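Visitor: Please take one part of this model and go through it closely. I would like to know which residues are involved and how they are arranged.

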Amino acid sequence: MEIFQSIIQYILNLGSNVFVPLVILILGLVVGMKLKKAFLAALTLGIAFTGMSMLIGFMSDAVGPATEALAKSTGINLPALDGGWTVAASITWSWSYAFVFFAVVLLVNFVMLALNWTKTLNVDMWNVWGKALTAYLVYFVTGQLWAGFVVAVVQVVLELKMGDMFQKHIEDLTGIPLVTVTHFMNIAVVLMMPVNWLMDKIPFFNKKADTVALKNKIGIFSENSVMGFIIGLLLGLAGAYGVSGSLSLAVKVATALALFPMISKLFMQALSPLADAMSEFMKGKFKDREVFIGLDWPVLAGRSEVWVTAIILVPIILLWSLVLPGNVVLPIAGIINYSIAVGGLLLTGGNLYRMIVLGIIYTPLYLYGATYLAPILTNLGKQTGAVDFKGASMITWSSIEGPEFRILFAEAFNTNFLAIVGVIIFIGLFYWTYKIMINEKVPSQRYVEEGK
């Protein structure tokens, strides 16, 4: 077991920008790509992940201090420290069973592919820790380790099925063939679907409202750089940065929004040759069988709607944290809620009106999820000594992915009747969402004419 953990830890230490391209290189050779072409595709993918990670870090480093300043100006003082996903991952990896979930993910994916229950091959092994976090949460609540493993397996299955149902939408949004996203943040669409369905009945929300459509309405103000500048400037002024500091933040946000689409093109450049090779390979081996490549969410980060929504929601999230009864979380490190932004993008095809409204409605779910998680993550962190609490009484993650799934299943296995009912409803909603997204037109075809 120690040898296995050492090997896995060595792989994790390589970083996702090395590990995922290595998997892609091997996969490319398996499906018949020449070494030179496979290596170039893998290297380009590594560059794309590195560039995107740098930009996301740059954006977070710029927005984070402004968020803290805004929080201080509003007088928010809450006991749970928001460590973001990085702290949550560090604590989760310290759990003695965490490394076992590599085998769980691979085994479930292999069985489902073999039985033709999914078309998605998940190569995003970097986010295995998310399954381990789910298992530990369920184990902490129920005291039953087997229950944790069962719920983690359910999560893997749902991730693969989401990979299937979103593939054509992701291909349309990114232009990358046979690529999908298996990140668990996509589960946000399940609870968003009923509200999105209601918005279908309201004419205002049926107008095209992605950044491309907005260019015809507001001209220069719809440019990524200009939108980033305006949003950054307003956030800086709200955080009492002063004119100089606000202008500096505005330029930083504008820089990030201008560069995201440029970096995203590298994903297409890297993955298109692999997709073609996989398509030919599957045609030769299996009649009418195709396989999707499941990747981490940054392949969608080139869509400016994600960032416009996420940054606009920053002051709204802080406001919610101030007024929600029972909330203990001051959102700082996890203030950029990718789950809401990416889930909204996939569900609405980049309709900014809908994405922002969905964000306003569903933000409380994540804050309450983080409040629920706080004692659980704190307990594991203190047991293992994985993090320095820096005087905080509790630590948590303000934008925890899939809080409704994790909490409902944990409480259901703890024989909570309402949670059991909630799980049944959640599964029903997932099935409904799956049927709609599988059969629905892709985002670019969703609106018959401009303004409809």
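Guide: What follows covers one helix contact, then a group of aromatic rings. The model is predicted.

Helix 13 spans residues 338–348 and helix 14 spans residues 352–384. Their axes come within 9 Å and cross at roughly 135 degrees. Angles of 115 to 145 degrees are neither roughly perpendicular nor roughly antiparallel, so helix 13 is oblique to helix 14. The crossing of helix 13 past helix 14 is right-handed. On the side of helix 13, the contact is made by Ser339, Ile340, Ala341, Gly344, Leu345, Leu347 and Thr348. Helix 14 contributes Arg354, Met355, Leu358, Gly359, Tyr362, Thr363 and Tyr366. By class, the residues of this contact are eight nonpolar, five polar and one charged.

Now the aromatic rings. The model has 22 aromatic pairs, counting rings whose centres lie within 6.5 Å. One of them joins Tyr97 and Phe149, with ring centres 6.4 Å apart and planes at 90 degrees. Planes over 60 degrees apart count as edge-to-face, so the pair of Tyr97 and Phe149 is edge-to-face. Tyr97 sits in the loop between helix 4 (84–93) and helix 5 (101–114), while Phe149 belongs to helix 7 (residues 145–174). The pair therefore ties together parts that are 52 residues apart in sequence. Tyr97 has 36% relative accessibility and so counts as partly exposed. Both rings also belong to a cluster linked by ring pairs, made up of Trp95, Tyr97, Phe101, Tyr136, Tyr139, Phe140 and Phe149.

How values were computed:
Residues are numbered from 1 along each chain as its sequence is written. This is a predicted model: local features need pLDDT of at least 70, side-chain atom pairs count only at pLDDT 80 or more; totals for chains, interfaces and linings use all residues. Side-chain values use heavy atoms; hydrogens and water are left out. Axes are lines fitted to C-alpha atoms, for helices over the stretch in contact, and angles run from 0 to 180 degrees between N-to-C directions. Helices (H or I, at least four residues) and strands (E, at least two) are DSSP runs, numbered from the N terminus. Angles under 35 degrees count as roughly parallel, over 145 as roughly antiparallel, 65 to 115 as roughly perpendicular and the rest as oblique. A crossing is left-handed if the near helix is turned anticlockwise from the far one by less than a right angle, and right-handed if clockwise. Contact means heavy atoms within 4.5 Å. Ala, Val, Leu, Ile, Met, Phe, Trp, Tyr, Cys and Pro count as nonpolar, Asp, Glu, Lys and Arg as charged, and the others, Gly among them, as polar. Rings of Phe, Tyr and Trp (its six-membered ring) pair if their centres lie within 6.5 Å; planes under 30 degrees apart count as stacked, over 60 as edge-to-face and the rest as tilted. Buried means under 20% relative accessible area, exposed over 50%, partly exposed in between (1.4 Å probe, protein chains only).
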